[in-house]
Amino acid sequence: MAVHEHPRQSSGFHLPSFRRNRNASASESVASAQTDTHTALAYTLASLRLLTGFVFLWAFLDKTFGFGYATPSGKGWIDGGSPTKGFLSSVAAGPLQSTFHSWAGDTWADWLFMLGLLGIGVALVAGVALRFAAVAGTLMMALMWLAEWPPAKHLTDGSPSMSTNPFADYHLIYAVVLIALAAVSAGDTLGLGRLWAKLPLVRRSPWLR
């Protein structure tokens, strides 16, 4: 009598797929690392935004009330002093020297300069209107760069200008920082950027973002 062997049926028991678990674990690790990096970057840029905003806001407050730092006590704007006269009248190099001298102490120059400092400072600290702040701040920094004129090795009286770099100085760095903060919407973290973006006016005019 012939004996026929039937194929063995699977018992339904399978060893766990360690490869599948490893792939899932690796994907989760990569996603977690990317999230952590994004979060760290967001908080770093928010910190940069707040510090830069404080620079502008403090300059406004010190020039207004004369706290004794850059502006001596009793010489503040509120005491009748001019925020632009000292700086612009001391310009001693560059192609716009005479132009800056003519602007020094003018009422319109004082108001425009101070409103610029206040507006940029508040926008950065609050995290709103960063694009507008970037444009205004870049223009302000460009004018101040022209006033100090880093390319000059000597002033008009022949004395050393004490310039340490013919092009890159802190004015250009501030301008690039302002542009970068606006480009990455740095006001969304530790700021009111998200709420600001939801306003109907801002939705209709993205340049206010």
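**View A. The second largest pocket of this predicted model.** Here we start with a space of about 280 Å³, the volume of the second largest pocket. Its lining is made up of 18 residues, and those closest to the pocket centre are Glu 148, Trp 149, Pro 150, Ser 161 and Ser 163. Sorted by class, the lining of this second largest pocket holds eleven nonpolar residues, five polar ones and two charged ones.

**View B. The largest pocket and the residues at its centre.** Now turn to the largest pocket, with a volume of about 1100 Å³. Look for Phe 113, Leu 117, Met 140, Met 141 and Met 144, which are the closest to the centre among the 39 residues of the lining. Two or more lining residues come from each of these elements: α1 (18–65), α2 (85–89), α3 (97–103), α4 (107–126), α5 (130–148) and α6.

**View C. The chemical make-up of the largest pocket's lining.** For the bench reader, here is the count by class: 32 nonpolar residues, four polar and three charged line the largest pocket.

**View D. Leu 190 and its contacts.** Leu 190 sits in the loop that runs between α6 (170–183) and α7 (193–197). With a relative accessible area of 49%, Leu 190 counts as partly exposed, because exposed residues must be over 50%. Setting aside neighbours within four places in sequence, Leu 190 is in contact with Tyr 43, Ala 46, Arg 49 and Leu 50. For one of these partners, Arg 49, the C-alpha to C-alpha distance to Leu 190 is 9.5 Å, while the two residues are 141 residues apart in sequence.

How values were computed:
Residues are numbered from 1 along each chain as its sequence is written. This is a predicted model: local features need pLDDT of at least 70, side-chain atom pairs count only at pLDDT 80 or more; totals for chains, interfaces and linings use all residues. Side-chain values use heavy atoms; hydrogens and water are left out. Helices (H or I, at least four residues) and strands (E, at least two) are DSSP runs, numbered from the N terminus. Buried means under 20% relative accessible area, exposed over 50%, partly exposed in between (1.4 Å probe, protein chains only). Contact means heavy atoms within 4.5 Å. On a 1 Å grid over the protein atoms alone, a cavity is a set of points where a 1.4 Å probe fits but cannot get out, and a pocket is an open set with protein on both sides within 12 Å along at least five of seven lines; lining residues have an atom within 4 Å of a point. Grid points are joined across faces, edges and corners, and a volume is the space filled by probe spheres set on the points. Ala, Val, Leu, Ile, Met, Phe, Trp, Tyr, Cys and Pro count as nonpolar, Asp, Glu, Lys and Arg as charged, and the others, Gly among them, as polar.
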